[in-house]
Amino acid sequence: MVRAAVLPAVSAPLEITSIDLPDPGPRQVRVRLAAAGVCHSDLSLAGGTLRQPVPAVLGHEGAGTVVAVGEGVAGLEPGERVVFNWAPNCGACHFCARLSEPWLCVRANEATTAPYARTAGGDALYPGLSVAAFAEETVVPQRAVLPLPDGVPLQDAALLGCAMLTGYGAVLHSARVRPGESVAVYGVGGVGLATLQAARLAGAGRIVAVDVSGEKEGLARAAGATDFVPATDRTAKQVRALTEGGYGVDVALECVGRAETIRAAWDSTRRGGRTTVVGIGGKDERVSFSALEIFHFARELRGCVYGDSDPARDVPLLAEHVREGRLNLGALVTERIALEEVGSAFDALRAGRGGRTLVVF
């Protein structure tokens, strides 16, 4: 039995309880958690914005140590440090094999729909985004873990699996930020802070951070922002006013997932610029554009899944940046809590407070 934060039903409070975690089966790995980040996607799963069978153990951004491996597992041994990959690609589907776009793998989340453990009362439990990291230990498919390169603190390494990988990929892969370009980042949470760091790493010139909370200005500037604009109904105009000639930024990245911020990001982008939506919005969030403005502004608008990243390729690169001091995982973390406090971390997400909260085991 291990302790875990269980979501008993959609929109219900999390319950800290003991669960019955089985030994790893064929091609499965059992991992003892060192830390798990509390991501807005967990809140979206808990509230039903993203589909998740329940009861479930949420948490998908984590790192830990292998304690046991199942039959057929190769290349992993007990005692090895690993990072979770919540969207493990199959390598064989249309998107993986033909298009070389593993972030769009059709089988990436198939483990989410299969029970992986049981409650103390014997009910089947499902793993949030295939990982179930809000627990002392978890059992995942081998494809859902990556060896952690040396030189990265194990607790902070949890952020490599989602926030940093998503922010880095959004800048380098999706938006393709070039040296000297101007960038606006909407939303200064964990992913937003990672995006700001990645924009600085990419050599962006002016980097404008936007958030509803003025208290995040210090966090944003420490991450690489040259300017900070409080989110209002005039935000797009204020962002454009900071750019050369008032034309707008070359690249805007929306890390919130709300219709109004997507529209503001679009409006703050120059003619011919790029707007990338990183945040996950609800199906009822509608964004409107006129046919004329699409023609006139000639902007690129695109979505972004997991930073358009290949974790097996990009995690080692990120680890190298961390070791060399070019990226700072710890700077994303504004609070470290115990498992029993994960409900309060959800409250902070709803209120838009802080950056990333890290559950430390």
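**Note on the predicted model: cores, sheets and enclosed elements**

1. Leaving aside its neighbours within four places in sequence, Val57 is in contact with Ala4, Ala5, Val6, Ile19, Tyr116, Leu125, Tyr126, Pro127, Gly128, Ala132, Phe134 and Ala135. The model is a predicted one, and these contacts around Val57 offer a convenient way into its packing. A separate core, the second, has 10 residues, including Ala184, Val208, Val229 and Ala252.

2. The largest nonpolar core has 105 residues, and those that touch the most other members are Ile19, Val57, Phe134, Leu160, Leu196, Leu253 and Phe346. Strand β3, which spans residues 28-38, gives the most to this core, with 7 residues.

3. In which order do the strands of the barrel close? The order is β1-β2-β7-β8-β4, which makes a barrel of 5 strands with mixed pairing. Within this barrel, β1 (residues 2-7) and β4 (residues 56-57) run antiparallel and are joined by 2 bridges. Val57 of β4 stands opposite Val6, and Val6 is also among the contacts of Val57.

4. Phe134, which touches Val57, is placed in the loop between β8 (124-127) and β9 (137-141). Although it belongs to a loop, Phe134 counts as buried because its relative accessibility is 0%. With respect to Ala35, Phe134 is 99 residues away in sequence, whereas the C-alpha to C-alpha separation in space is 8.7 Å.

5. Ala35 also leads to the pairing of β3 with β18, since its bridge partner in β18 is Val360. The two strands β3 and β18 pair in the antiparallel sense over 4 bridges. On the pairing with β17 (residues 333-337), β18 runs parallel, again through 4 bridges, and here Ile337 stands opposite Val359. Strand β18 itself, residues 356-360, is mostly covered, with 4 of its 5 residues buried.

6. Why is helix α1 described as largely enclosed by the rest of the structure? Of the 8 residues in α1 (residues 40-47), 6 are buried, so the helix is largely enclosed. The buried residues are Ser41, Asp42, Leu43, Ser44, Leu45 and Ala46, and what covers them includes β1, β3 and α11 (342-351). The residue that follows α1 is Gly48, with a positive phi near 90 degrees.

7. Apart from the barrel, there is an open sheet of 6 strands, ordered β13-β12-β11-β14-β15-β16 and paired in parallel. Its edge strands are β13 (227-230) and β16 (300-303), each of which pairs on one side only, and the twist from one strand to the next averages 15 degrees. At the β13 edge, β12 (residues 207-211) and β13 pair in the parallel sense over 4 bridges, with Ala209 opposite Phe228 of β13.

8. Lys216 deserves a separate look. The residue lies in the loop between β12 and α6 (217-223), and its relative accessible area is 6%, which means that Lys216 is buried. Leaving aside neighbours within four places in sequence, Lys216 is in contact with Val188, Gly189, Asp211, Phe228, Gly352, Arg353 and Gly354. Phe228 in that list is the residue of β13 that stands opposite Ala209.

9. On cysteines, a search of the whole structure finds 0 disulfides. For Cys90, the nearest cysteine sulfur is that of Cys105 at 3.6 Å, and Cys90 is in no disulfide; the cut-off used for such a pair is 2.5 Å between the sulfur atoms. Cys304 is likewise in no disulfide, with the nearest cysteine sulfur, that of Cys255, 8.5 Å away. Cys304 counts as buried because its relative accessibility is 11%.

10. As for annotation, the UniProt record, an unreviewed entry, lists residues 9-359 for "domain: Enoyl reductase (ER)". In the model, the span of residues 9-359 is 27% helix and 25% strand, and its end C-alpha atoms lie 22 Å apart.

Definitions and conventions. Residues numbered from 1 in each chain as written. Predicted model: local features only at pLDDT ≥ 70, side-chain atom pairs only at ≥ 80, totals over all residues. Heavy atoms only, no water. Buried < 20%, exposed > 50% of the residue type's maximum accessible area, 1.4 Å probe, protein only. Pairing = 2+ DSSP bridges. Core = buried A, V, L, I, M, F, W, Y, C linked by side-chain atoms within 4.5 Å. Contact = heavy atoms within 4.5 Å. UniProt positions renumbered as here; feature names shortened; annotations may be inferred. Axes fitted to C-alpha atoms, helices over the stretch in contact; angles between N-to-C directions.
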